[in-house]
Amino acid sequence: MSIKPIPVTQPYLPSLDEFIPYLEQIWDNRWLTNNGPFHQQLEAALCEYLGVDHIALFTNGTIALITALQALRITGEVITTPYSFVATSHSLLWNDLKPVFADIDPHTFNLDPDKIEAAITPQTTAIMPVHCYANPCDVEAIQKIADNYGLRVIYDAAHAFGVNYKGHSLLKHGDLSVLSFHATKVFNTFEGGAIVCPDAKTKQQIDYLKNFGFVDEVTVTAPGINGKMSEINAAFGLLQLKHIDHAIAQREALDKNYREALKGIKGIAIPALSKAASSNYSYFPILIDSDYPLTRDELYQKLKENGILSRRYFYPIISDMPMYRDLASATAANLPHAKVIADKVLCLPIFSELTLEKQKKIIELLRGVR
Ligand SMILES: *Cc1c(COP(=O)(O)O)cnc(C)c1O
């Protein structure tokens, strides 16, 4: 009999019994999508939970990124990070924009502001940074550059659900912030996403865009898309939100255990959490150096053979993928830190239902006890 492997992440699922009343409500309402009651409630509840003023829900994070770029009418070149999930750069290609890759800071894994500034050309109109692993970007430095050069900032905040930075929501920085509620994220609606907007007017415009550009029954003002979140997804989000603090607290305990148990192992470096921000403990990345007895890929294999699915996340970097690698900014010489980190990084399993016993097994394998 084969034992089910331990995944790198697992969605937090409340009991099915808890979800049934929500479904009954949808059946009673006969309102399945198009800004229904659960959709409206979830937008309000998320504004309150996240500490933001306006939020527009989406069918997924990628369509939200694509729509955010449309909403701000971004053109030409956008400076972005190669060290992310492909959707970040893909959203630029879907808008006929040219991604310009800048290197990351080797400690935060986020875009290095100096490298952003060096990458600006007359065609640059925007910056799309990522709060990698929920670790805040240098938002002040990025805003200063944006102000100096007249650029827009759209944060891919797919990892940054609920993160507070210096006492307020990280999601308030930049012109827009985009969230993902995919099943693998800390807060999920099966599939889903959102754009955090600074004012009601911007939200209204984004709401038109996500509904084909319809303003009323007969008026279409923009070539919009179908980016709407359904009632089932929104209802699940409301239920998920009830449990989110508990789910994050469980992740925090696992994060602490890993840090304590893995510190001092030769060849394993653990990136520090930001001191200025809260975390949602969405990922547990470690870096495997040449001092470790195994290479990163050998360790990945060893864990896999022992029923533990870690992830080389982010590897390969976006700039090495066929649709990007011929860009002038995609060279290894331009992106030395991103290249090195991508070759060393391994994300360990972390999710609220990971038991301490299973975590111990993972730690023992890393220590070489097993
Ligand atoms: C998950 C993710 C996305 C895409 O979100 P979806 O909801 O899956 O479309 C975009 N960017 C980053 C950094 C992500 O991790």
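1. In this predicted model, Ala 222 is placed in the loop between strand E11 (219–220) and helix H8. Leaving aside residues up to four places away in sequence, Ala 222 touches Leu 209, Phe 212 and Gly 213. Its C-alpha atom and that of Asp 291 are separated by 56 Å, although these two residues are 69 residues apart along the chain.

2. Helix H8, which follows that loop, spans residues 231–262 and lies across strands E13 and E14, running at about 20° to E13. These strands belong to an open sheet of 3 strands, ordered E12-E13-E14 and paired in the antiparallel sense. Strand E12 (268–269) and strand E14 (345–348) stand at the edges with a single partner strand each, so one side of each is left without a neighbour in the sheet. Strand E13 (residues 284–288) is joined to E14 over 4 bridges, again antiparallel, and within this part of the sheet Pro 285 stands opposite Cys 347 of E14.

3. A second open sheet has 7 strands in the order E1-E9-E8-E5-E4-E2-E3, and its pairing is mixed. Its edge strands, each pairing on one side only, are strand E1 (54–58) and strand E3 (98–101). On average, and with direction ignored, neighbouring strands of this sheet are turned by 25° against each other. As one instance of the antiparallel sense, strand E8 (residues 176–180) and strand E9 (residues 193–197) pair over 4 bridges, and Ser 177 has Val 196 in E9 as its bridge partner.

4. Two helices that lie across strands of the 7-stranded sheet can be described together. Helix H6 (residues 139–149) lies across strand E4 (124–128) and strand E5 (152–156), and runs at about 150° to E5. Helix H7 (residues 200–209) lies across E1, E8 and E9, and in this case the angle to E1 is about 15°.

5. The ligand is surrounded by 15 residues, of which the closest are Gly 61, Thr 62, Asp 156, Ser 180 and Lys 185. A backbone N or O atom of Gly 61 lies 2.8 Å from an oxygen atom of the ligand, whereas for Ser 180 a polar side-chain atom lies 2.7 Å from a ligand oxygen atom. The side chain of Lys 185 also takes part, with an N or O atom 3.2 Å from an oxygen atom of the ligand. The charged end of Lys 185 sits over the ring of Phe 85, 6.0 Å from the ring centre.

6. As to the aromatic residues, a search of the whole structure finds 19 aromatic pairs. Ring pairs link Tyr 83, Phe 109, Tyr 133, Tyr 283, Tyr 313 and Phe 314 into a cluster. Separately, the charged end of Arg 312 sits over the ring of Tyr 300, 3.8 Å from its centre.

7. Some backbone details deserve a check by eye. Tyr 313 and Phe 314, both members of the aromatic cluster, are joined by a cis peptide bond with omega of about 25°, and Phe 314 lies in the loop between helix H9 (296–305) and helix H10 (336–344). A cis peptide bond also joins Tyr 315 and Pro 316, with omega of about -10°, and Pro 316 is likewise placed in the loop between H9 and H10. Elsewhere, Arg 73 has a phi near 50°, a positive value in a residue other than glycine; Arg 73 is found in the loop between helix H3 (61–71) and strand E2 (77–80).

How values were computed
Residues are numbered from 1 along each chain as its sequence is written. This is a predicted model: local features need pLDDT of at least 70, side-chain atom pairs count only at pLDDT 80 or more; totals for chains, interfaces and linings use all residues. Side-chain values use heavy atoms; hydrogens and water are left out. Two strands pair if DSSP finds at least two bridges between them. Axes are lines fitted to C-alpha atoms, for helices over the stretch in contact, and angles run from 0 to 180 degrees between N-to-C directions. Contact means heavy atoms within 4.5 Å. Rings of Phe, Tyr and Trp (its six-membered ring) pair if their centres lie within 6.5 Å; planes under 30 degrees apart count as stacked, over 60 as edge-to-face and the rest as tilted. A charge sits over a ring if NZ of Lys or CZ of Arg is within 6 Å of the ring centre and within 35 degrees of the ring normal. A residue is near a molecule or strand if one of its heavy atoms lies within 4 Å of it. A polar contact is a pair of N or O atoms within 3.5 Å; within protein, one must be able to donate a hydrogen and the other to accept it, and residues adjacent in sequence count only if both atoms are side-chain atoms.
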